[in-house]
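User: Please take a close look at one helix pair in this model, how its two members are set against each other and what they touch with, and then place that pair in its surroundings.

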Amino acid sequence: MARRVSTSTKVGFTVLAWAVALLLFSPILWTVLTAFKTEAEAIASQPTFFPQNFTLENFGAVQDRSDYFKHAINSIIVSFGSTILGLIIAIPAAWSMAFAPSKRTKDILMWMLSTKMMPAVGVLIPIYLIFRDLRLLDTVHGLTLIMTLINLPIIVWMLYTYFKEIPVDILEAARMDGAELWNEITHVLVPMAVPGIASTLLLNVILAWNEAFWTITLTSGRAGTLTAFISSFSSPQGLFLAKLSAASLLAIAPILLLGWFSQKQLVRGLTFGAVK
Amino acid sequence: MGSITLEHVNKSFGEVQVIPDISLDIKDGEFVVFVGPSGCGKSTLLRLIAGLEDTTSGTIKLDGQDVTDAPPARRGLAMVFQSYALYPHMTVRDNIAFPLKMAKMPQAEIDKKVDYAARTLNLASYLDRRPRALSGGQRQRVAIGRAIVREPKAFLFDEPLSNLDAALRVNMRLEITELHQQLKTTMIYVTHDQVEAMTMADRIVVLNAGNVEQFGSPLDLYKKPANRFVAGFIGSPKMNFVDGPEATKHGAHSIGVRPEHFKLSTTEGAWKGTVGVAEQLGSDTFLHVQTDGLGLMTIRTDGDQTFKHGDVVWLTPDPTRIYKFDAAGKAI
């Protein structure tokens with residue numbers, strides 16, 4: 001029997017849900033609105049909600065001061081590059097953990113996860129020195145490498161969880177059918193795990209795109225991504241709120257759109273195997 | 001060719017010894033069934049032959065060639081799994097073609113073989129479907145099709161019919177037996193169902209706790225069981241066992257009589273008892289008789305008998321069909 005919910009309860013929860021959602025969304029909404037205001041209006045002591053003098057000049061100014069497209073391309077290379085590199089390493093790793101586990105597999109998985117529990121700043125000095133000595137500072141490939149490394153535990157964990165859902169019989173059947181390891185992975189495992197691999201890819205692209213700590217500390221002008229691009233606008237000489245907002249909007253727009261269009265895939269992938 | 005030889009094969013999982021020491025000689029073209037209760041090591045033994053598990057010690061030979069360390073892909077055997085293990089992302093055609101593709105066969109030849117297999121197995125109209133759009137029986141046929149196209153040295157079946165309903169199971173049993181007669185390729189078939197074992201096998205391997213209790217033809221096992229375990233496992237309903245003074249009379253530690261080897265009377269006989277449950281199957285009637293002092297016995301009699309609960313009956317075992325066992329359970 002379906003549970004009965006009274007109309008007033010329904011209305012109450014709907015209002016509450018909208019209130020919480022709007023509260024969470026309000027900073028982003030404010031940023032969007034501010035991006036279209038003049039600098040004077042943005043810092044006016046009597047703040048306006050909608051832009052009184054609608055203007056696009058902030059976007060032009062932002063592009064003039066520091067090249068948006070260069071940063072955007074860096075972001076694309078780093079986020080997709082590190083995710084694809086991560087998948088190439090993680091697919092065989094997750095295969096062996098899911099289908100040929102040893103006594104230590106569980107420990108290795110926990111250890112990998114534990115690296116994500118440590119604050120990144122704890123390894124700042126060693127990583128910085130290594131990057132300096134290997135001449136990786138402010139390079140796109142250096143940044144791709146560090147992004148691969150910090151997201152690898154999550155990629156391995158996600159793939160491991162998806163692979164565990166695949167019946168081992170099917171992989172054994174492939175072995176009996178004459179498939180060597182490479183064919184077993186490329187012809188059978190990967191096609192069957194496509195939903196899982198896709199959501200892993202999406203999530204990690206988003207994580208890498210939004211990563212700010214390492215991007216800001218390890219890059220300056222040349223290899224900076226969009227997160228570095230935003231931070232360059234929070235200038236200490238004075239607040240240019242409108243320009244900062246315009247820069248932020250430009251930086252988050254692509255990933256927001258990607259997330260919007262792929263949310264079905266993301267949800268399906270993240271709940272993969274939850275319901276048979 | 002497909003003769004399979006196991007020499008002192010041993011398998012342990014960590015501390016647990018699943019197969020202590022097995023030696024078997026399976027001839028080319030034979031249909032051999034591994035049968036035994038669950039956990040007896042029959043599936044493990046099959047997986048060792050397949051190469052899906054590594055032996056702890058011992059040697060496995062295919063056509064006289066040592067394949068103990070060869071990976072499954074190099075052994076040239078085909079396997080049919082209980083779960084069918086079809087590739088869900090491929091059509092039936094691609095499923096059947098997969099082993100040929102792995103063998104890098106030219107496409108024209110693959111098409112020819114897949115079409116032939118599909119016609120043999122009545123799958124021609126399903127070739128472009130995905131496995132999830134097929135019934136259980138059809139899926140199992142695809143799995144068999146995938147196994148036969150590559151003309152393996154031997155087929156390995158791991159309880160292939162346990163997921164099918166009873167009627168389909170009988171049909172598929174016949175189909176597999178016919179397939180064997182047609183292909184004359186070595187087949188090893190694992191089951192816990194002794195009826196499947198008896199009806200399909202040229203020879204049966206009865207396994208118990210990782211040991212071979214007996215290896216012989218179905219009728220050998222039925223008529224001359226090597227020990228009490230085999231006597232109890234082969235034959236349905238189960239053999240009746242009697243211990244104590246009644247067995248000593250026959251010079252044995254225990255004796256066994258099959259349900260079909262009794263003479264039944266309402267007036268006289270060797271053992272007196274009362275009918276508990278009478279199971280009427282139409283063709284046969286199974287009587288579960290509580291005997292005086294000898295325990296519960298199952299009797300098979302013809303379907304026209306109308307005994308019912310509470311009737312007093314006399315049982316006389318056929319003296320030429322009494323099986324005798326010593327204290328260790330070995331047949332005397």
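**A helix pair and its setting**

Analyst: Read from the N terminus onward, chain A of this predicted model follows the pattern α-α-α-α-α-α-α-α-α-α-α-α-α-α, and its secondary structure accordingly comes to 14 helices and zero strands. The pair to examine is formed by helix α7 (residues 140-164) of chain A and helix α10 (residues 194-210) of chain A, whose axes come within 10 Å and cross at roughly 155°. Because angles over 145 degrees count as roughly antiparallel, α7(A) is roughly antiparallel to α10(A). The crossing in which α7(A) passes α10(A) is right-handed.

On the α7(A) side, the contact is made by A:M147, A:N151, A:I154, A:I155, A:M158, A:L159 and A:Y162. The residues that α10(A) brings to this contact are A:G196, A:I197, A:T200, A:N204, A:L207 and A:A208. Taken over both helices, the residues of this contact divide into nine nonpolar and four polar, with no charged residue. Among the polar residues, with glycine counted in that class, are A:N151 on α7(A) and A:G196, A:T200 and A:N204 on α10(A).

The sequence between these two helices leads to the other chain. In all, 15 residues of chain A are in contact with 18 residues of chain B. On the chain A side, α8 (168-176) and α9 (181-192) each supply at least two residues, and α8(A) gives the largest share, which is six residues. The composition here can be set beside that of the helix pair: the side of chain A that touches chain B divides into eight nonpolar, two polar and five charged residues, whereas the contact of α7(A) with α10(A) has no charged residues.

As for the chain that holds the pair, chain A is divided into domain 1 (7-57) and domain 2 (66-232), and the C-alpha centres of these two domains lie 35 Å apart. Both α7 (residues 140-164) and α10 (residues 194-210) of chain A fall inside the bounds of domain 2 (66-232) of chain A. Along its principal axes the C-alpha trace of chain A spans about 75 × 65 × 30 Å. Of the 276 residues in chain A, 33% are buried, and among the contacts in chain A with a separation of 6 or more, 76% are accounted for by residues 24 or more positions apart.

The partner, chain B, has nine helices and 18 strands, while chain A has zero strands. The C-alpha atoms of chain B fill a box of roughly 75 × 45 × 35 Å, taken along the principal axes. Buried residues make up 41% of the 332 residues in chain B, and residues 24 or more positions apart account for 63% of the chain B contacts with a separation of 6 or more. The domain assignment of chain B gives domain 1 (4-231) and domain 2 (240-325), with C-alpha centres that lie 38 Å apart. The contact between these two domains of chain B takes four residues from each of them, and the domain 1 side of it divides into two nonpolar, one polar and one charged residue.

Conventions. Residues are numbered from 1 along each chain as its sequence is written. Chains are lettered from A and ligands numbered from 1 in the order in which they are written. This is a predicted model: local features need pLDDT of at least 70, side-chain atom pairs count only at pLDDT 80 or more; totals for chains, interfaces and linings use all residues. Axes are lines fitted to C-alpha atoms, for helices over the stretch in contact, and angles run from 0 to 180 degrees between N-to-C directions. Helices (H or I, at least four residues) and strands (E, at least two) are DSSP runs, numbered from the N terminus. Angles under 35 degrees count as roughly parallel, over 145 as roughly antiparallel, 65 to 115 as roughly perpendicular and the rest as oblique. A crossing is left-handed if the near helix is turned anticlockwise from the far one by less than a right angle, and right-handed if clockwise. Two residues are in contact if their C-beta atoms, placed from the backbone, lie within 7 Å. Domain bounds come from an automatic or database domain assignment. A residue is buried if 20 or more other C-beta atoms lie within 10 Å of its own, exposed if 12 or fewer, and partly exposed in between; C-beta atoms are placed from the backbone.
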